[in-house]
Amino acid sequence: MRAASLLVWLAALPFAGAALLLFAPRRLSRAAAAWAAGAVAAAGCAVVAASAADVFAGEVLRWRIDWLPPLGLAFGLRMDGLAWLFAALICGIGVLIVLYAGYYLHDDDPAPRFFLFLLLFMGAMLGVVLADNLLLLAVFWELTSLASFLLIGYWRQRAEARE
């Protein structure tokens with residue numbers, strides 16, 4: 001597999017995991033949801049590790065598909081050394097958060113919804129780090145805002161979360 005195509009997998013994994021949890025059975029157990037989210041975050045770590053040799057050799061990985069060619073707009077992903085570092089941090093910390101939340105959440109909490117929001121946030125942050133143009137960066141930045149809002153309001157039955 002070409003190293004640049006790893007960028008597509010890295011960017012798409014969290015969103016695919018979030019979609020999986022979105023369509024999961026209503027009463028999916030906390031453990032099953034945690035395993036699914038953990039597998040996605042660990043797979044992200046594996047993709048980042050697989051791209052390490054190329055990035056450490058000084059190569060800048062790029063992937064691009066034209067979106068609106070007459071306007072010069074493209075959906076492009078880019079990974080250099082700094083983007084690699086932040087992608088590794090995002091995926092690694094994602095694994096740790098999933099591990100902690102798998103034990104922290106109560107059995108009555110809707111765990112699949114929490115892990116869905118977490119994977120959405122993780123995907124948005126990876127998008128910010130890997131974005132190759134300012135428009136795409138702004139889109140992913142707004143997605144981080146939305147995902148943050150959803151995570152903060154996770155316990156919507158509590159007044160503090162609703163406020």
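Colleague: Why is the sulfur of Cys 91 in no bond with the closest cysteine sulfur, in Cys 45?

Modeller: A disulfide is a pair of cysteine sulfur atoms within 2.5 Å. Here the sulfur of Cys 91 is 5.0 Å from that of Cys 45, too far for a bond. The structure holds zero disulfides. Cys 45 is in none, with Cys 91 offering the nearest cysteine sulfur. Bear in mind that this is a predicted model: local features need pLDDT of at least 70, side-chain atom pairs count only at pLDDT 80 or more, and totals for chains, interfaces and linings use all residues. Residues are numbered from 1 along each chain as its sequence is written, and side-chain values use heavy atoms, with hydrogens and water left out.

Colleague: Is Cys 91 buried or exposed?

Modeller: Buried means under 20% relative accessible area, exposed over 50%, partly exposed in between (1.4 Å probe, protein chains only). Cys 91 has 0%, so it is buried. Cys 45 has 26%, so Cys 45 is partly exposed.

Colleague: Which residues make the nonpolar surface patch?

Modeller: Patch residues have over 30% relative accessible area and no salt bridge; nonpolar side chains (Val, Leu, Ile, Met, Phe, Trp, Tyr) are joined within 5 Å, like charges within 9 Å. A salt bridge is a Lys or Arg side-chain nitrogen within 4 Å of an Asp or Glu carboxyl oxygen. Here Leu 82, Leu 85, Phe 86, Leu 89, Ile 93 and Ile 97 make a patch of about 530 Å². Ile 93 is partly exposed, at 44% relative accessibility.

Colleague: What is the mean pLDDT of the protein?

Modeller: pLDDT is the predictor's confidence in each residue, from 0 to 100. The protein's mean is 87. Where pLDDT is low, the predicted coordinates should not be read in detail.

Definitions and conventions
Accessible areas come from the Shrake-Rupley method with a 1.4 Å probe; for residues, only the protein chains shown count as cover.
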